[in-house]
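Good morning. I will go through one model today, and I will keep to what can be read from the coordinates. Please have the sequence and the structure in view.

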Amino acid sequence: MHIFIFLPFHDLYSLLFMSFKKEHSSGHNSENYKISRLVGGEAFYEKFQGVSEADIWKHFTEGDEPAFTYIYTKYFDELLNYGIQFTQEISLVEDAIQDMFIDLRRKRKQLKPIKVSLKALLFKSLKNQILMYYRTKSYIREQKFEKDEAAFEIELPFESIWIHQTDEQEERIKLERAIKKLTTRQREVLYYHFYKNLSYIEIQDIMRLENVKSVRNLLYRSLAALKTILFNLPIFYAVVKLG
Amino acid sequence: MKKKKFTIEDFLGDKNFVEWVKNPSKEHDFFWMKWMENHPEHRPTLLKARHILSNIKYRELHHSEERFNRVFDKILMDTRSARYPYQELYKKDDRMVWFRVAAAISFLAIFSFFLLSGYHEKPESEETSQITFFEFNNPRGKRSSFRLPDSTYVVLNAESSLIIPSDFLENRKVELFGEAYFEVEKRFGSNFTVVSGELNTLVLGTKFNIQSYPEDSLISIALVEGLVDVKNGSDTSKSKISLEPNQKLRYKRKTREYRKSDFKASDEIAWKDGMLVFNHSGLDEVKSKIERWYDVQVKIIGRPEENWQLTGCFDNQNIINLAESISFAKGIKCQLKDNELILKFN
């Protein structure tokens, strides 16, 4: 960490302790922690508290470095987790984040104000970047991503209580096979809806859909497909019946 | 609300509902509990939807400081990754890069200075400076993680506290009440000591977990990586016990007995990743674990059969899912009321 270089006085450790403290109680996100992780964290956080993302973006396009640091700090984990939905290769995702931000920084003066949301903008940029790598490698094409079984893969955790039951292995295989019947686009839209809390407009932007209505249609068709698949499985049915 | 037939998709498509299942909070719990009370006819559908949603997961990566810093540095250096498919359009002016780096560094310096000045209250001239202590303290239901100034990584469990002296960098000795997981950075010629009750754990650079709740009769020290020595602080002799990776020491406070055994890292330290694990746990253990984890009171009605045990792992589950799973697996009634979880045995 850079911070230690500049803090030679040891009666200031209280400050260090505090600024590195991270809380993850009861599933809440740790935004405060993430913001304060960088040098001068508290100051950053205060500087941008209550500032809208559109304004932070404006600061960024005007060349404000703290604004960039804020954006990077806030979204790095989220971008990384988004990127690995496309590929298991983490180093590729890291490279994509690097190239994407370098791109944004180099042409920051020409960037337009945020249309939908900062999150959607960053997700879209990262997706483009990753698909761009794919395009230039002749053996994977963008169309292929649509049929890519590994993209937006859904894992069904059996870690819950029935892990020790006898026919676990067999059921797991059945379930895994069944869940593959969802298309990549269906899994993708479910990811945004279940995991990223994105609005229809944001999803429309990222998935390049025609309008909000087509997002809704895609989402509800995916939900119905998911339900049908899961309810055809005896183990799932047995558990659910309890309700 | 209008009378309407709700389908599973209606629930799954509802943002509020998804938010409740994925990031449970008291307010959400309250809202949906009330909703179920008012619409008992929709309860089964709702529970089915929740079951589907809570069993779906996508790939996930936990935070890595190293990755975060590596990518950040590369961005500031303004160098493309090797994967970037196009030729750079312009040649970088080297002086420009150094200017940027210098700017970034001075920026960091100014911020640190700014922060320092605010906290720099003690006069520097004090020769025999007093040692003060900092305390990290978690109440029930809350876990936290942080780094110490030597970059030792600590995850502190619920209802636990860790005390650190102000001269920590010269004398790396901390005191623990409760449970914590440590990843200690190696420093040449400097030990790291954790005091927990009467046991002192001496380490160089390792990963390990200590559980030592004052009200528990056991202290348990589990080593994941490296090597640690455990000494009894009240024992003046120089005897010590060394642990090897995947070994665990259990110490009975009353009888002062030690026992070494092997352990599965996945069970012992899964809590630091938000997993609540029961491994052939008896009722008392189940009760105290749930109480600490969720900050609730567990009340037991009736008597379980002898040798009643629970085995299972709850990965970031909320208490409603937990209660449901237990009641399903063990065939008992679980009821959640305010801050009380009631387990009913027949």
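I will take chain A as a whole, then one glutamine in chain A, then two strand arrangements in chain B.

A word of caution to start with: this is a predicted model.

Chain A, then. Its secondary structure comprises 13 helices and 2 strands. The chain has 243 residues, and 55% of them count as buried. If you take the contacts between residues at least 6 apart in sequence, 63% join residues at least 24 apart. The exposed area of chain A is about 11,100 Å², with 50% of it supplied by carbon and sulfur atoms.

Staying in chain A, please find A:Gln204. This residue lies in helix 11, which covers residues 200-207. What does the side chain of A:Gln204 reach at 3.2 Å? The backbone oxygen of A:Glu210. Leaving aside residues up to four places away in sequence, A:Gln204 touches A:Leu209, A:Glu210, A:Asn211, A:Val212 and A:Val215.

Now to chain B, and one general reminder. Strands of a sheet pair through backbone hydrogen bonds, in either a parallel or an antiparallel sense.

Take strand 9 of chain B, residues 207-212, and strand 10 of chain B, residues 218-225: they are antiparallel, with 5 bridges between them. The connection from strand 9 to strand 10 of chain B is a hairpin of 5 residues. To place the register, B:Asn209 is opposite B:Ala222 of strand 10. Strand 10 of chain B is also joined by 5 bridges to strand 13, residues 247-252, and this pair is antiparallel too. Here B:Ser220 has B:Arg250 in strand 13 as its bridge partner.

The second arrangement is further along chain B. Which order do the 3 strands of this open sheet follow? The order is 16-19-18 in chain B, and the pairing is mixed. Strand 16 (297-301) and strand 18 (333-337) of chain B are the edges, each pairing on one side only. From one strand to the next, the twist averages 20 degrees. Strand 18 of chain B runs antiparallel to strand 19, residues 340-344, with 5 bridges joining them. Within that pair, B:Lys333 is the bridge partner of B:Lys344 in strand 19.

Two helices pack on this sheet. Helix 8 of chain B, residues 283-294, touches strand 16 and strand 19, and its direction makes about 150 degrees with that of strand 16. Helix 9 of chain B, residues 319-330, touches strand 18 and strand 19, and its direction makes about 160 degrees with that of strand 18.

That is where I will stop.

Note on methods:
Residues are numbered from 1 along each chain as its sequence is written. Chains are lettered from A and ligands numbered from 1 in the order in which they are written. This is a predicted model: local features need pLDDT of at least 70, side-chain atom pairs count only at pLDDT 80 or more; totals for chains, interfaces and linings use all residues. Side-chain values use heavy atoms; hydrogens and water are left out. Helices (H or I, at least four residues) and strands (E, at least two) are DSSP runs, numbered from the N terminus. Buried means under 20% relative accessible area, exposed over 50%, partly exposed in between (1.4 Å probe, protein chains only). Contact means heavy atoms within 4.5 Å. Accessible areas come from the Shrake-Rupley method with a 1.4 Å probe; for residues, only the protein chains shown count as cover. Two strands pair if DSSP finds at least two bridges between them. A polar contact is a pair of N or O atoms within 3.5 Å; within protein, one must be able to donate a hydrogen and the other to accept it, and residues adjacent in sequence count only if both atoms are side-chain atoms. Axes are lines fitted to C-alpha atoms, for helices over the stretch in contact, and angles run from 0 to 180 degrees between N-to-C directions.
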